[in-house]
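Welcome! Here is a short guided tour for a first look at this protein. Please keep the model open while you read.

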Amino acid sequence: MKVRIGNKGEYRVVPFFSDEDHTNALFDHLKERDLFSGKVGEAFIDVTPNGSREILWGLGEKAEIKEDVLRLAAYRLAKELARCKITEAGITLPLTDQIDPETTARALTEGFYQATYRFDKFITEREKFLLKRIFLKVPEEEEAAVQRGIDEGSLLIRGIFLTRELINEPAMYLYPKTLAKRACEVLEPLGVTVKVFKKKEIEEIGMKAYLAVAQGSARPPRFIVMEYMGNPDSEDKLALVGKGLTYDSGGYCIKPPKGMATMHCDMGGAATVIGAIHAIAEAKLPVNVIGFVAAAENMISGNSYKTGDIIGSLKGTTIEVDNTDAEGRLTLADALYYAADNYHPTAIVDLATLTGACVVALGELYAGAVTNNQDFMDEVLTASKNACEYIWQMPVCDGYRELIKSKVADLKNIGIRGAGMITAGLFLEPFVEDIPWVHLDIAGTAFTSAATGYLPEGGTGNHVKTLYYLAKGRQ
Ligand code: BES
Ligand code: ZN
Ligand code: ZN
């Protein structure tokens with residue numbers, strides 16, 4: 001499907017706000033019979049041979065209009081058009097005082113494309129999405145702004161869909177080596193330098209905590225570094241670190257079958273970083289962003305790490321392994337320290353499907369955050385609001401830090417039962433070397449059990465836009 005500017009389309013879509021006075025006779029007729037009232041995304045489509053070629057499209061109350069309402073309304077409309085086998089539609093761009101035309105066009109573009117997504121590559125008889133073209137009818141003086149909105153919405157969607165595809169891909173196909181290959185394939189054409197370190201090189205670097213997690217798998221680890229230097233003259237560098245467990249069986253602290261079934265999603269952080277860098281590079285944002293992914297599989301074998309092991313790390317900190325299923329923080333500790341020590345970034349964000357505790361606390365709608373710097377946290381929160389993606393900051397204090405001190409090593413990799421999301425975040429803190437840092441636990445939001453609004457079940461692509469707007473805000 002394609003979205004473009006134009007005054008074409010077999011069917012014409014007329015936006016309706018439910019709280020406005022209308023002079024449209026069809027609307028009055030339908031409203032009286034409770035067939036159409038203008039609720040968000042509601043569509044009245046007459047496909048009879050001699051029917052009206054005018055489609056009424058609800059946007060809810062004008063006073064309540066927001067970017068996310070536009071996305072949802074566009075998503076529902078596109079689904080409905082496709083269901084009615086309409087291949088081409090022309091839509092009058094809804095103009096409001098609250099949202100400028102560029103933002104409106106971007107939100108609508110995102111919503112339309114969201115309707116086309118399905119993870120169906122393994123389904124033999126795929127259902128086709130029949131809607132092929134959407135034309136936005138806009139006043140001439142707004143064309144340039146609207147085109148910018150369409151372009152930005154489209155590239156954001158490409159980043160989001162890439163993230164989804166990577167997350168949804170089964171672990172039998174997507175493992176450290178193939179994840180690294182995919183990162184090269186999709187990012188190098190956009191001018192991103194992708195460096196891939198193999199096991200021997202990771203050993204030479206000294207990433208002992210990461211290697212301990214990876215050692216049980218027949219599939220060797222790959223450490224992936226992606227450099228996008230959109231502004232080489234600037235000292236500013238944003239580091240994005242993504243948890244890259246292409247599968248998490250739990251190791252010897254094995255997960256129950258239900259918890260294990262979707263653990264190919266445990267590279268959600270990595271996928272989000274790759275998707276975001278894709279969007280940032282495609283938009284040619286004049287910023288420097290470097291992505292880091294310590295990709296590995298957490299498996300059981302005669303070579304696996306065990307509970308009670310006391311492992312080292314790149315920083316030198318020793319760690320008592322109390323639970324082999326708390327593996328993400330071990331891989332992240334080394335990736336974060338590598339980023340901090342080798343690149344000296346201005347700020348670091350890590351994203352990780354890190355704890356079940358996050359899902360218990362916040363469900364699948366909000367990601368949990370832990371930070372060492374309130375100003376940078378506020379910057380990330382602002383970006384997430386622009387993206388309409390939700391983040392909730394968790395409290396931290398020394399009492400929580402006490403919970404991950406070990407009697408036999410510098411740290412242990414789990415705390416107590418309570419506050420599991422916070423202690424997991426705080427475990428990472430010493431490895432960022434006091435650089436402003438935000439940790440996002442995306443265990444609930446990266447991969448969901450049910451569709452919500454315009455987001456599908458499975459890989460969502462959540463937080464790609466937050467990272468994009470964060471980078472954009474730094475230019
Ligand atoms: N990958 C899991 C966390 C997870 C849970 C991600 C649900 C997505 C959905 C992580 O490695 C893990 O197993 N964490 C443990 C930590 C515990 C042992 C302290 C958990 O949350 O149970
Ligand atoms: Zn685990
Ligand atoms: Zn995990």
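Which residues coordinate the zinc ion (ligand 2)? They are Asp-248 (OD), Asp-325 (O and OD) and Glu-327 (OE), at 2.0 to 2.2 Å. This is a predicted model, in which local features need pLDDT of at least 70 and side-chain atom pairs count only at pLDDT 80 or more, while totals for chains, interfaces and linings use all residues; side-chain values use heavy atoms, with hydrogens and water left out. Residues are numbered from 1 along each chain as its sequence is written, and chains are lettered from A and ligands numbered from 1 in the order in which they are written.

**The zinc ions**

- A donor here is an N, O or S atom within 2.8 Å of the metal (3.2 Å for Na, K and Ca); water is not among the atoms, so sites may look incomplete.
- The zinc ion (ligand 3) takes its protein donors from Lys-243 (NZ), Asp-248 (OD), Asp-266 (OD) and Glu-327 (OE), which lie 2.0 to 2.4 Å from the ion.
- Asp-248 coordinates both the zinc ion (ligand 2) and the zinc ion (ligand 3), and these ions are 3.2 Å apart.
- Along the chain, the donor residues are spaced D-x76-D-x1-E for the zinc ion (ligand 2) and K-x4-D-x17-D-x60-E for the zinc ion (ligand 3).
- The site of the zinc ion (ligand 3) is octahedral, with angles of 77 to 172° among its 6 donor atoms.
- The site of the zinc ion (ligand 2) also has 6 donor atoms, but with angles of 70 to 165° it is irregular.
- Six donors count as octahedral if opposite donors are over 155 degrees apart and all others between 65 and 115; four count as square planar by those limits, or as tetrahedral if all angles lie between 85 and 135 degrees, and anything else is irregular.
- For comparison, ideal angles are 90 or 180 degrees for six octahedral donors and 109.5 degrees for four tetrahedral ones.

**How covered the zinc donors are**

- Buried means under 20% relative accessible area, exposed means over 50%, and partly exposed lies in between (1.4 Å probe, protein chains only).
- Lys-243 and Asp-248 are both buried.
- Glu-327 is buried too, at 0% relative accessibility, whereas Asp-325 is partly exposed at 22%.

**The open sheet**

- Helices (H or I, at least four residues) and strands (E, at least two) are DSSP runs numbered from the N terminus, and two strands pair if DSSP finds at least two bridges between them.
- An open sheet of 8 strands with mixed pairing follows the order E7-E8-E10-E9-E13-E17-E14-E15.
- At its edges are E7 (193-197) and E15 (390-393), each pairing on one side only.
- From one strand to the next, the twist averages 20°.
- E9 (residues 238-248) and E10 (residues 288-298) run parallel and are joined by 10 bridges; the zinc donor Lys-243 has Ala-294 in E10 as its bridge partner.
- E8 runs antiparallel to E7, with 5 bridges, and antiparallel to E10, with 8 bridges.
- Val-194 has Met-226 in E8 as its bridge partner, while Arg-222 stands opposite Ala-295 in E10.
- In E8, 7 of the 8 residues are buried.
- Helix H10 (residues 328-343) lies across E7, E8 (222-229), E9, E10, E13 (347-352) and E17 (437-441), where contact means heavy atoms within 4.5 Å.
- H10 runs at about 155° to E9; axes are lines fitted to C-alpha atoms, for helices over the stretch in contact, and angles run from 0 to 180 degrees between N-to-C directions.

**Strands E2, E5 and E6**

- E2 (residues 11-16) pairs with E5 (residues 88-92) in the parallel sense over 3 bridges, and Val-13 has Ile-91 in E5 as its bridge partner.
- E5 also runs parallel to E6 (residues 133-137), with 5 bridges, and Glu-88 stands opposite Arg-133 in E6.
- The chain passes from E5 through helix H3 (residues 101-114) to E6 in a right-handed β-α-β crossover; right-handed means that, with the strands pointing away from the viewer, the path from the first strand over the helix to the second runs clockwise.

**Two residues with positive phi**

- Asp-434, in the loop between helix H14 (420-428) and E17, has a phi near 65°, a positive value in a residue other than glycine.
- Asp-434 is exposed, at 76% relative accessibility.
- His-463 has a positive phi of about 80° although it is not a glycine, and it lies in the loop between strand E19 (458-459) and helix H15 (464-473).
- His-463 is buried, at 1% relative accessibility.
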